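Work through the exercises below with the model open beside you. Try each task before reading its solution.

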Amino acid sequence: MTKNIFETIRSELESIRVSGLYKEERVLLSQQQVRIQIERGEVLNFCANDYLGLANHPEILESAKEALDLYGYGMASVRFICGTQDVHKQLEQAVSEFLGMEDTVLYSSCFDANGGLFETLLTEKDAVISDRLNHASIIDGIRLCKAARFRYNHADMNHLETQLKRAKKYRFRVIATDGVFSMDGDVAPLDEICEMADRYDAIVMVDDSHATGFFGATGRGSIEYCNVMGRVQIVASTFGKALGGASGGFTAAANEVTSLLRQRSRPYLFSNSLSPVIAATTLKAVDLITRSPELVKKLRSNTAYFREKITSAGFDIRLGDHPIIPIMLGEERLAGQMAAKMLDEGIYVVGFSYPVVPRGEARIRVQISAAHETQDLDRAVTAFQKVGGELGIL
Ligand SMILES: *Cc1c(COP(=O)(O)O)cnc(C)c1O
């Protein structure tokens, strides 16, 4: 039996390799930052989710060190036994205030937040209507609940309406969507989604992991960008991207929802409390963003600058305002080749092709950070021009 199962696993791994989908992990020999050391030397990083450069920001590191002395290292408990310190409550309150929500529940990750959401709130009497391109954690969270499932084509409001009509007979309807979709950097049409929700008596859940802390006028996320703060009933997001990048996630909602999550949500009840170092330091990150809008502004100007330069250079990008900037190549084989050649030029970017993105829509995804300087952005554009020329794309 063990022999057979290993045999099967080996052939599975082989088929992953043969289809070119095997993921190698690159080991960083430095902190997570713009200039990272990898085995072959220093390269400029354009593929981290460190949108504000907080992953090793001096104030963040300072706060983490202080928190270690003040609160200790780990909680060694779930929240409801002995895993809550004042700093956990303070972070929950700070996130609630930041997003204009009543209350916030912390989780070890946003994956867990989504895993513990739908099952807690919904039964077989209810329905979830979900964007087809939603993040895996939303999909898995929905799978765990007994509600009827409806999917609508990506950002397609006519299809959403059709599905809402089909879901009319259920007790409650929840529309679930990413705020920003990570492959295209496109924003869900939240204003239209909220209108649909009003019209068909549904509530809206937004996972704003690629937006919280940096997107929208003051970094409140896609809910701010789309001007729907107060109209979205449930916001989930991560601390593992812009907000310091360590780990952790949350669900923010009305008191009724968060209270029930604290009673019933399985990843909250049966998984360890967020480390106080992370709680305190994320609190610092939220504070930093609230106090000094420069970071959000710098990210916005970096993004606009890069989008303008790369377009002038002749590349085809997905339009928008988000620091996720997909450079469209089309052909599958080009994405990998281009990423490899960019690395030779000292620029670390990642190629995505089918099945991660639709066939014929292979691309390089660039992610801009407030920690990039203009010269870094220029170096990247110059490298893209050189490599683009060599590969006959321009
Ligand atoms: C990154 C991401 C997550 C996962 O967040 P973790 O805190 O790392 O689990 C969940 N949802 C979306 C939309 C994401 O982009």
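Two strands count as paired if DSSP finds at least two bridges between them. Helices (H or I, at least four residues) and strands (E, at least two) are DSSP runs, numbered from the N terminus. The model is predicted: local features need pLDDT of at least 70, side-chain atom pairs count only at pLDDT 80 or more, and totals for chains, interfaces and linings use all residues. Residues are numbered from 1 along each chain as its sequence is written, and side-chain values use heavy atoms, with hydrogens and water left out.

**Exercise 1. Set out the sheet that holds β1, β2 and β13, and find its edges.**

Step 1. The strand order is β1-β2-β13 in an open sheet of mixed pairing.
Step 2. β1 (35-38) and β13 (347-348) each have a single partner strand, so one side of each lacks a neighbour in the sheet.
Step 3. Take β1 with β2 (residues 41-45): four bridges join them, in the antiparallel sense.
Step 4. Check one position: R35 stands opposite L44 in β2.

**Exercise 2. Describe the sheet formed by β12, β15 and β14, and state which helix packs on it.**

Step 1. The three strands form an open sheet, ordered β12-β15-β14, with antiparallel pairing.
Step 2. β12 (324-330) and β14 (350-352) are the edge strands, each pairing on one side only.
Step 3. On average, neighbouring strands are turned by 30° against each other, direction ignored. Axes here are lines fitted to C-alpha atoms, for helices over the stretch in contact; angles run from 0 to 180 degrees between N-to-C directions.
Step 4. β12 and β15 (residues 362-367) run antiparallel and share six bridges. M328 has R363 of β15 as its bridge partner.
Step 5. The helix is α15 (residues 332-344), which touches β12, β14 and β15. Contact means heavy atoms within 4.5 Å. The direction of α15 makes about 35° with that of β15.

**Exercise 3. Locate Q85 and list what it touches.**

Step 1. Q85 sits in the loop between α3 (79-82) and α4 (86-99).
Step 2. Leaving out residues up to four places away in sequence, Q85 touches Y71, M75 and P276.
Step 3. A polar atom of the Q85 side chain lies 3.3 Å from the backbone oxygen of Y71.
Step 4. Compare sequence with space: Q85 and S273 are 188 residues apart in sequence, and their C-alpha atoms are 9.8 Å apart.

**Exercise 4. Characterise the largest cavity and the largest pocket.**

Step 1. Fix the rule. On a 1 Å grid over the protein atoms alone, a cavity is a set of points where a 1.4 Å probe fits but cannot get out; a pocket is an open set with protein on both sides within 12 Å along at least five of seven lines; lining residues have an atom within 4 Å of a point. Points are joined across faces, edges and corners, and volume is the space filled by probe spheres set on them.
Step 2. One cavity of 30 Å³ or more is found. The largest cavity holds about 80 Å³.
Step 3. Its lining includes R79, H88 and S273. β3 (103-107) and α12 (266-269) each supply at least two lining residues.
Step 4. The largest pocket holds about 1300 Å³. Of its 36 lining residues, E24, Y348, V350, G351 and F352 lie nearest its centre.
Step 5. α15 and β14 are the elements giving two or more residues to this pocket lining. The largest share, five residues, comes from α15.

Definitions and conventions:
Polar contact = N/O pair within 3.5 Å; in protein donor to acceptor, adjacent residues only side chain to side chain.
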